Amino acid sequence: MPAVKTVYSRELALLSDQAALLLIDMQNYCCHPDGGLYRSCPPEEVTARYGWFRRQLESVVIPNLQRLLSACRQAGVEVMHTTIESLTADGREQSLDYKISEIFVPKGAWDGQPIEALAPICDEIRLPKTASSVFNATNLDYLLRNLGVTQLVIGGVVTDQCVESAVRDACDRGYLVTLVDDGCTSFTPERHRNSLAALAGYCRQRPTEVLLDEIRGQRARVVSR
């Protein structure tokens, strides 16, 4: 009898009991107007350097992630948060890249806290990290496997840095990844678009509204059983 060929696909809708929402670096350091990212920049350059990024955060990314976060909580989808934050006061354990790039948030600092609009509730897991990839810098993979997670929904900042690192590493570890394409952003529209194009071969990319429909559909099926 011929063997049955397994068909693999990224185009699978979310299953709430197998999925987790991972928010990347939605924290005061880079997502609050008073964050350390902007304090390190001359005031006269902030708008020119970060104006588009700030507008995208406030008008698109944060509102979309708020809606998605609420839906995931209601559906029982695991929610996890990563933030750039050192495990020490002086950052001596940070990655070489972070040291060279002068990305530093001391242990316990306000900059390391998630922004109020997306703050963790109850016992949602928050993982401080000291490198671009949360998979390299934390025990996220171990936690996801213990939780029975096979699908990851990823949003946050910055698209072509920490978000892209998370997507690629998650795919290499065997997770089905959906990137919220209107729930992430970079410092320029070109960088954001280029990153989405580069990641097209790694993951599903869906807007918030489509993912909300998938989650609602899951909830409706569970209720009707």
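**Entry 1: the pocket**

I started with the largest pocket and asked which elements build its lining: α1 (28-31), α3, α4 (96-101) and α7 each give at least two residues. I should say at once that I am working on a predicted model. The largest share of that lining, three residues, comes from α4. I then looked up the volume of the largest pocket, which is about 400 Å³. Its lining has 20 residues, and the closest to the centre are Y29, L37, I103, Q161 and F187.

**Entry 2: the core**

Next I went for the nonpolar residues. In soluble globular proteins, nonpolar side chains tend to be buried together. Here I found that the largest nonpolar core holds 64 residues. Which of them have the most contacts inside the core? I noted M26, L57, L68, L144, L152, I154 and L179. Helix α3 (residues 43-75) gives the largest share of this core, 11 residues.

I picked L57 to follow up. Leaving out residues up to four places away in sequence, I have L57 touching M26, C30, C31, Y38, I62, P63, V157 and T185. M26 in that list is also one of the residues with the most contacts inside the core.

**Entry 3: V79**

I looked up V79 and found it in strand β2 (residues 78-84). Is V79 buried or exposed? Its relative accessible area is 3%, and buried means under 20%, so I wrote V79 down as buried. Beyond its neighbours within four places in sequence, V79 is in contact with L21, L69, C72, R73, E124 and I125. I also checked V79 against W52: they are 27 residues apart along the chain, and their C-alpha atoms are separated by 28 Å.

**Entry 4: backbone oddities**

I went through the backbone angles next. The peptide bond from V157 to V158 is cis, with omega near -5°. V158 sits in the loop between β4 (151-157) and α7. I had met V157 before, among the contacts of L57.

Then I turned to positive phi values. E102, which is not a glycine, has phi near 60°. I placed E102 in the loop between α4 and β3 (125-129). C122 also belongs to the loop between α4 and β3. It is another non-glycine with a positive phi, about 50°. Are these residues buried or exposed? E102 has 70% relative accessibility, and exposed means over 50%, so E102 is exposed. C122 comes out at 80%, so I put C122 down as exposed too.

**Entry 5: salt bridges**

On to the charges. Side chains of opposite charge can pair when their charged atoms come close. I searched the whole structure and got 16 salt bridges. I looked at some of them in turn.

D141 pairs with R145, with the closest N and O atoms 3.1 Å apart. Both belong to helix α6 (residues 140-147), four residues apart, which is about one turn of the helix. R145 is partly exposed, at 46% relative accessibility.

R191 and D160 form a salt bridge as well, at 2.7 Å from N to O. This pair links distant parts of the chain, with R191 in helix α8 (residues 189-199), D160 in helix α7, and their positions 31 residues apart. I have R191 as partly exposed at 30%, and D160 as partly exposed at 24%.

For E214 and R204, I noted closest N and O atoms 2.8 Å apart. Which elements does this pair link? E214 is in helix α9 (residues 208-224) and R204 is in strand β6 (residues 204-206), 10 residues apart. E214 counts as buried at 14% relative accessibility, and R204 counts as buried at 2%.

I also found a network of salt bridges that links R67, E209, D213 and R216.

**Entry 6: D169, a charge without a bridge**

Last, I looked at D169, in helix α7 (residues 159-172). Why does D169 have no salt bridge? The nearest side chain of opposite charge, R173, is 4.2 Å away, and a salt bridge needs a nitrogen within 4 Å of a carboxyl oxygen, so the pair does not count. D169 is buried all the same. Leaving out residues up to four places away in sequence, I listed S133, F135 and N136 as the residues that D169 touches.

Technical notes. Residues are numbered from 1 along each chain as its sequence is written. Side-chain values use heavy atoms; hydrogens and water are left out. Buried means under 20% relative accessible area, exposed over 50%, partly exposed in between (1.4 Å probe, protein chains only). Lys and Arg count as positive and Asp and Glu as negative; His and the chain ends are not counted. Contact means heavy atoms within 4.5 Å. A nonpolar core is a set of buried Ala, Val, Leu, Ile, Met, Phe, Trp, Tyr and Cys residues joined through side-chain atoms within 4.5 Å. On a 1 Å grid over the protein atoms alone, a cavity is a set of points where a 1.4 Å probe fits but cannot get out, and a pocket is an open set with protein on both sides within 12 Å along at least five of seven lines; lining residues have an atom within 4 Å of a point. Grid points are joined across faces, edges and corners, and a volume is the space filled by probe spheres set on the points.
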